[in-house]
Amino acid sequence: MFFLPTMWFLNIIYVVLAVLLLFGAAVFVHEYGHYWMALRRGLKIEGFSIGFGPKIVTWMRDGVEWSWRWIPAGGFVKLPQMATSDALEGKADQPADQLPPASPWSKILVAFSGPFMNVVFGIAIAFFLWGVGMPVPVNPPIIGYVDPGSPEAKLGIEPGDEIRSVDGKAITSWRDVQETSILARSTNLAVVIARPGSCTNTYMLTTVVSESLGLKILNLDPRDHPVIKRVNSGSPAEAAGLKAGDEVLVFAQIPLHGADQFIKLIQKCPGETKDIVIKRDGQRTTLKVTPRLDSSANIGRIGAEIGTGKPIYRIEHIPPWIQISEVVDRTIGTFSALIHSKQTGVGLKDLSGPPGILALLAAYVNTDWRLALSFLVLLNINLAIINLFPMPVLDGGHIAMALVERLFGRPLPIRLVEYTTTAFAVLLISFMLYVSFNDVRRFSLFRSMFKQEVTIEKQDSAPAPAGGR
């Protein structure tokens, strides 16, 4: 008989409940905005649902069917007097032509209230994070390993150099380096790199496609000592005395700056015994390891999984307007990259659907609840922006149709509204299935994020200045 370890099981329960609560909260405040305004404007309300598809739980209150459904892709408030989608919400109990017509102004207010509530909710969370502090990754853009045979090395770039800007945008972290490279409209980017105490130069660097991300990034690694993640039984690594968690500082008298550098050095010396300097429990130790020849590839291997160290976060008190502006900038940058997909390489395949969003939220919940709340700020602002697109089914579509009705003094033909809404509902469902399928293909990436351990510095940094970070 097999029993799950109690702590692991309780952690999974905690993560699942927290994800459902946080994601459900974002959907709930959006739909409650519609519900509240519909009540104030006297519209008929038949249902309030979190999720789509078959019902998990349902109950009636004041003539409204409240429900929680299986497909966590959003929610809806069923309002027969506004254009509804039978494909997503089911048929209305009472057809619109049997009810008093809602005014265009009422429709606009009801449609706008959902995104507005998401913005209010996001701002409220940002204010809360300003008070309690938010974990911010400490990953300065200092270059680690540079392959001696690479174009970057031939240009004179060396380990220890610091990236100051990419494609004309100021850089403060490796996350900035990656995001700017991914969203840039060119594969050749102007990169300003400084050598402390020496000089600053601008280089034209060509991006490469990351195997794990499937997106273009600079062919440069951050400065970070490799870490032994797992040791295979009967391997040279086990014989040498290496253990999971060991930080590798030096191999064959060569200081290490990255996992790729370490792997390439191992591959070059099969059968040769080399010194390896590690840090374990704060103590430096020198061991000897002999990489074993992999005859299929004619390279050396030590039989260990090699990765990077724990990400380090520090607590910062970031004003909410800065948090929101950063979210808006990232969102605009993403849409711009999608619009210029041919230049950036960013396509619909790179977007995340409900599985990806829930997986990211789970990873943040498992790391630190403040990171999960920070992600919720991003999620709410994005929900607001996306729902305001002037497309049928979305809130922006309702607003656009109401404006047309106000302009011409009469509602659009019912058949036209029904066909258009159904067509876009089918397109929306197809899109959600497509991005969800791509999320499943990236499951290993989400799993590694979920398992990743981090270090969060206990001391608070000084509050960020009002004008910026």
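**A four-stranded sheet, its covering helix and two helix pairs**

In this predicted model, four strands make up an open sheet, ordered S5-S4-S6-S7 and paired in the antiparallel sense. The edges belong to strand S5 (169-170) and strand S7 (200-206); each has a single partner strand, so one side of each is left without a neighbour in the sheet.

Taking the pairings in turn, S5 joins strand S4 (residues 162-166) through two bridges, in the antiparallel sense. Here Ser-165 sits opposite Ala-170 of S5. At the other end of the sheet, S6 and S7 are held in antiparallel register by seven bridges, with Asn-188 finding its bridge partner in Thr-206 of S7. These two strands also form a hairpin, and five residues lie between them. In the turn, Gly-197 takes up a positive phi of about 75°.

What lies across the sheet is helix H5 (residues 174-183), which covers S4, S5 and strand S6 (188-194) and runs at about 35° to S4. Its buried residues are Trp-174, Asp-176, Val-177, Thr-180, Ser-181 and Ile-182. They don't just pack on S4, S5 and S6: strand S9 (216-217) and helix H9 (341-344) are also among the elements they pack against.

Just past S7 comes Thr-207, in the loop that leads from S7 to strand S8 (208-209). Thr-207 has a relative accessible area of 10%, so it counts as buried. Leaving aside residues up to four places away in sequence, Thr-207 touches Thr-187 and Leu-189, along with Lys-216, Ile-217 and Leu-218.

Now for the helix pairs. Two packed helices are described by the angle between their axes and the distance between the axes. Helix H1 (residues 6-40) packs on helix H10 (residues 354-367) with the axes 9 Å apart and an angle of about 125°. That angle makes H1 oblique to H10, and the crossing is right-handed. On the H1 side, the contact is built from Asn-11, Tyr-14, Val-15, Ala-18, Val-19, Leu-22 and Phe-23. H10 contributes Ile-357, Leu-358, Leu-361, Ala-362, Val-365 and Asn-366. Sorted by class, the contact of H1 with H10 comes to eleven nonpolar and two polar residues, with no charged ones. As for spacing along a helix, an α-helix has 3.6 residues a turn, so residues three or four places apart point the same way.

The second pair is helix H3 (residues 104-132) with helix H11 (residues 369-387), whose axes come within 8 Å and cross at roughly 155°. With that angle, H3 is roughly antiparallel to H11, and this crossing is left-handed. From H3, the contact takes in Pro-115, Asn-118, Val-119, Phe-121, Gly-122, Ile-125, Ala-126, Phe-128, Leu-129 and Val-132. Facing them in H11 are Trp-369, Arg-370, Leu-373, Ser-374, Leu-376, Val-377, Asn-380, Ile-381, Leu-383, Ala-384 and Asn-387. The contact of H3 with H11 splits into 15 nonpolar residues, five polar and one charged.

Stepping back to the protein overall, there are 14 helices and 19 strands. The C-alpha trace spans about 85 × 60 × 50 Å along its principal axes. Of the 469 residues, 42% are buried. Among contacts with a separation of 6 or more, 66% link residues 24 or more positions apart.

Technical notes: Residues are numbered from 1 along each chain as its sequence is written. This is a predicted model: local features need pLDDT of at least 70, side-chain atom pairs count only at pLDDT 80 or more; totals for chains, interfaces and linings use all residues. Side-chain values use heavy atoms; hydrogens and water are left out. Two strands pair if DSSP finds at least two bridges between them. Contact means heavy atoms within 4.5 Å. Axes are lines fitted to C-alpha atoms, for helices over the stretch in contact, and angles run from 0 to 180 degrees between N-to-C directions. Angles under 35 degrees count as roughly parallel, over 145 as roughly antiparallel, 65 to 115 as roughly perpendicular and the rest as oblique. A crossing is left-handed if the near helix is turned anticlockwise from the far one by less than a right angle, and right-handed if clockwise. Ala, Val, Leu, Ile, Met, Phe, Trp, Tyr, Cys and Pro count as nonpolar, Asp, Glu, Lys and Arg as charged, and the others, Gly among them, as polar. Buried means under 20% relative accessible area, exposed over 50%, partly exposed in between (1.4 Å probe, protein chains only).
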